[in-house]
Amino acid sequence: MVEMNFSEAKSEVKLLLSRVDPSDLPRLINWIRESDELDELLSDNRKTILQNIADDLRGRLPPDAMFPSESTVYSKMQQLCRPTLHVDSFLYDEDQVDSLCESGTMSRSFCVTCGSYRTAPLDFISHSFSIPELQFIYQTVLPDLNGRVLVDVGSRLGAVLYGGYLFSSASQLIGLEISEEFVKLQNEIVEKYQLADRIKVLHTDVRLQETLLQNSDVLIMNNVFEFFMEPSEQVSAWRFITQNFRKRGSLLVTVPSLHESWKTLQMVPQPGWVEELPVDSEVYLDRHTDSETLTQIHLYRVL
């Protein structure tokens, strides 16, 4: 069987759809979007390994994937205008959240008036990328990373590092994590799954890594400071990054956008530091992919 490239396959699919009875076309499109029957065809051993790692981590963490020592995070979540739960996207996809809700372990809503039927939806927040988001970052957002050094600021569970190991050819994947508990957890996973040839986790503050940032090719920052630092410390960290992550052509991936992060801190944008590049979020990965979350991923290039 001769394999087709993307352009050829796209033409074949369009030709096939043009031959479908118009009355059946909506059903076929819906089947493509929703059916589990395509999952086997689209299965990827790399995603299976990530799912195995996620299963492993779920057994080592409480349901909210947070340690008691994260007092700052708990405090900041309580200050939000709406009740918010931390549900780690790397550990729990939508189906797993549904199962937890059905079993009573988790809830999607809170009672507005105790004892009544007046309820409102809870807000969920995650400090990790989901597996589809990791696949999207490495296979769509970023170019080939062969020979490049990638740094994840606030690596937490290590999802970005494991995803980079499996979905990219980056030569080094370095996690910076200030929590000793999460550093220990990541190192256990790295050892168990034999990932140490390309992954290294440092127990450190990013502001102590001047040389590393100056020599890095890719920097990833996912909700990295807002819930873990006071505003003055966040400003300090951002200033350090803008002063040291300056290798021309280096790439920065952020959630949320720089504009949103800096506006909250009343920081003035750094002229001439980076330019934002377009990200195509109209990508079908699998039925678990939340296209809205993909639009929150931003890519920048150092000038």
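In the predicted model, Q243 is exposed, with a relative accessible area of 55%; this value lies over the 50% cut-off that separates exposed from partly exposed residues. Q243 belongs to helix α10, which spans residues 231–244. In sequence, 30 residues separate Q243 from L213, while the C-alpha atoms of the two residues are 9.5 Å apart in space.

The protein as a whole contains 12 helices and 11 strands. Of its 303 residues, 45% are buried. The exposed surface of the protein amounts to about 16,900 Å², of which carbon and sulfur atoms supply 50%. Considering contacts between residues at least 6 apart in sequence, 72% link residues that are at least 24 apart.

Two helix pairs that involve helix α7 were examined. Two packed helices are described by the angle between their axes and the distance between the axes. Helix α6 (residues 131–141) packs with helix α7 (residues 159–167) at an angle of about 50 degrees, and their axes are 10 Å apart. The arrangement of α6 relative to α7 is therefore oblique, because an angle of 65 to 115 degrees would be needed for roughly perpendicular and one under 35 degrees for roughly parallel. The crossing of α6 past α7 is right-handed. On the α6 side, L134, Q135, Y138 and Q139 form the contact, and on the α7 side A159, V160, G163, G164 and F167 do so. Sorted by class, the residues in this contact of α6 with α7 comprise 5 nonpolar and 4 polar residues, with no charged residues.

Helix α3 (residues 45–58) also packs with α7, at an angle of about 160 degrees and with the axes 10 Å apart. Helix α3 is thus roughly antiparallel to α7, since angles over 145 degrees are assigned to that category. As α3 passes α7, the crossing is right-handed. Residues R46, K47, I49, L50, I53 and L57 of α3 meet Y162, G163, L166 and F167 of α7. By class, the contact of α3 with α7 holds 7 nonpolar residues, 1 polar residue and 2 charged residues.

Residues G163 and F167 of α7 appear in the contact with α6 and also in the contact with α3. The contact with α6 includes A159 and V160 of α7, and the contact with α3 includes Y162 and L166 of α7.

Methods
Residues numbered from 1 in each chain as written. Predicted model: local features only at pLDDT ≥ 70, side-chain atom pairs only at ≥ 80, totals over all residues. Heavy atoms only, no water. Helix = DSSP H or I, 4+ residues; strand = E, 2+ residues; numbered from the N terminus. Buried < 20%, exposed > 50% of the residue type's maximum accessible area, 1.4 Å probe, protein only. Contact = heavy atoms within 4.5 Å. Areas by Shrake-Rupley, 256 points an atom, 1.4 Å probe, with all protein chains shown as cover. Axes fitted to C-alpha atoms, helices over the stretch in contact; angles between N-to-C directions. Left-handed = near helix turned anticlockwise from the far one by under 90°. Nonpolar A, V, L, I, M, F, W, Y, C, P; charged D, E, K, R; others polar.
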